[in-house]
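User: I'd like to talk through a structure with you, mostly side-chain pairs and empty space. Could you keep the cut-offs explicit as we go?

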Amino acid sequence: MVVDNLFTGKEKNINIKAKFYKLDIQDSGLESIFQKEQPDYVNHHAAQMDVRRSVSDPVFDAKTNVLGTINLLQNCVEYKVKKVVYASSGGAVYGEQQTFPAPETHPIRPISPYGITKLVGEHYLYYYKAVCGLDYTALRYANVCGPRQDPLGEAGVVAIFIRKMLNGEQPVINGDGEQTRDFVYVEDVVEANILAMMNNTTDSVFNIGTGIETSINQVFNLLREIINPSIDVKYAPPKDGEQRRSVIEYTRAKKTLHWEPKTPLINGLKKTCEYFRNI
Ligand SMILES: NC(=O)c1ccc[n+]([C@@H]2O[C@H](COP(=O)([O-])OP(=O)(O)OC[C@H]3O[C@@H](n4cnc5c(N)ncnc54)[C@H](O)[C@@H]3O)[C@@H](O)[C@H]2O)c1
């Protein structure tokens with residue numbers, strides 16, 4: 001079963017085999033769903049995931065990401081869920097990095113309300129495990145890209161560039177384009193979730209990324225090669241507060257979950273372009 005208020009999600013993307021409840025995770029009605037469905041495993045992806053919105057409306061961000069998460073976890077404890085897998089953010093919780101790529105032990109200094117609330121979710125999970133015995137794994141994703149991705153999300157730049165290039169519009173790079181991100185393909189992230197769900201490890205936090213730093217200029221050039229090599233590059237002033245470099249190490253996930261990213265960026269970008277061409 002799936003619980004989602006469709007704030008950014010789309011009903012057409014929900015697996016038709018899944019029972020769907022349209023509900024805000026902050027809603028007290030969540031309890032009757034837990035009572036009825038008695039889930040063994042909970043995969044918690046529902047979130048306000050727009051970093052810029054978290055800056056303009058931190059209260060809204062905290063309501064969904066903190067209060068919603070607490071409501072969900074209270075029900076997990078009450079209805080004796082066996083394990084929770086939580087989507088955290090390796091792109092947002094470390095803040096400006098000191099080492100590249102960042103391991104899970106890197107200092108945690110989020111520089112956005114979104115990064116803070118994703119981290120708070122991890123702290124609540126730690127608390128519910130320590131005090132109530134609720135098992136969990138938190139996966140700190142890099143920038144996830146792939147079919148169905150939303151232009152507002154953490155890897156939004158990929159969807160924005162692809163849409164503009166396919167529509168014959170001019171994509172714009174904010175700043176000098178030398179800012180970097182770690183792009184991980186969505187199918188690899190799905191595999192990490194399944195492995196985490198089934199693993200009995202006592203490690204609770206894993207980076208899920210590629211360890212490869214890719215600049216926005218490189219992404220632009222790869223997409224231009226795939227879609228239309230004659231597209232010009234245009235630059236605009238940098239966005240305030242944007243992180244300069246972000247890349248995370250996945251050694252722990254490889255060792256414990258036996259996970260590693262399988263999809264090279266170019267293949268992921270080609271599949272993502274294919275998806276946007278056909279919608
Ligand atoms: N996409 C990335 O690069 C990335 C990176 C790190 C972490 N994450 C995390 O992964 C998860 C999924 O993100 P995504 O990028 O796929 O975005 P998404 O918008 O596709 O997924 C978030 C989902 O949460 C739902 N939602 C929002 N508020 C809700 C609420 N109050 N109650 C119920 N449902 C609600 C939305 O409708 C949407 O379906 C999020 O937790 C996000 O923080 C994503």
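User: Is K164 buried, partly exposed or exposed?

Analyst: K164 counts as partly exposed, at 30% relative accessibility, where buried means under 20% relative accessible area, exposed over 50%, and partly exposed in between, with a 1.4 Å probe and protein chains only. This is a predicted model, in which local features need pLDDT of at least 70 and side-chain atom pairs count only at pLDDT 80 or more, while totals for chains, interfaces and linings use all residues. Residues are numbered from 1 along each chain as its sequence is written, and side-chain values use heavy atoms, with hydrogens and water left out.

User: OK, and which side chain does K164 meet in a salt bridge?

Analyst: K164 pairs with E169 at 4.0 Å, N to O, a salt bridge being a side-chain nitrogen of Lys or Arg within 4 Å of a carboxyl oxygen of Asp or Glu. E169 is likewise partly exposed, with a relative accessible area of 40%.

User: How many salt bridges does the count come to?

Analyst: The count by this rule is twelve salt bridges.

User: What about K82, which residue does it pair with?

Analyst: K82 forms a salt bridge with D40, and their closest N and O atoms are 3.8 Å apart. The pair links distant parts of the chain, 42 residues apart, with K82 in the loop between helix 3 and strand 4 (83-89) and D40 in the loop between helix 1 (30-37) and strand 3 (41-44); helices (H or I, at least four residues) and strands (E, at least two) are DSSP runs, numbered from the N terminus.

User: Switching to empty space, what volume does the largest cavity have?

Analyst: The largest cavity has a volume of about 30 Å³, taking a cavity, on a 1 Å grid over the protein atoms alone, as a set of points where a 1.4 Å probe fits but cannot get out, and a pocket as an open set with protein on both sides within 12 Å along at least five of seven lines, with lining residues having an atom within 4 Å of a point. Grid points are joined across faces, edges and corners, and a volume is the space filled by probe spheres set on the points.

User: Which residues line that largest cavity?

Analyst: The lining consists of H44, H45, A46, A47, N65, T69, Y86 and K118.

User: And the second largest pocket, which residues lie nearest its centre?

Analyst: Nearest the centre of the second largest pocket are V51, R52, E154, R181 and E242, out of 29 lining residues, and the space there is about 860 Å³. Helix 5 provides the largest share of that lining, four residues.
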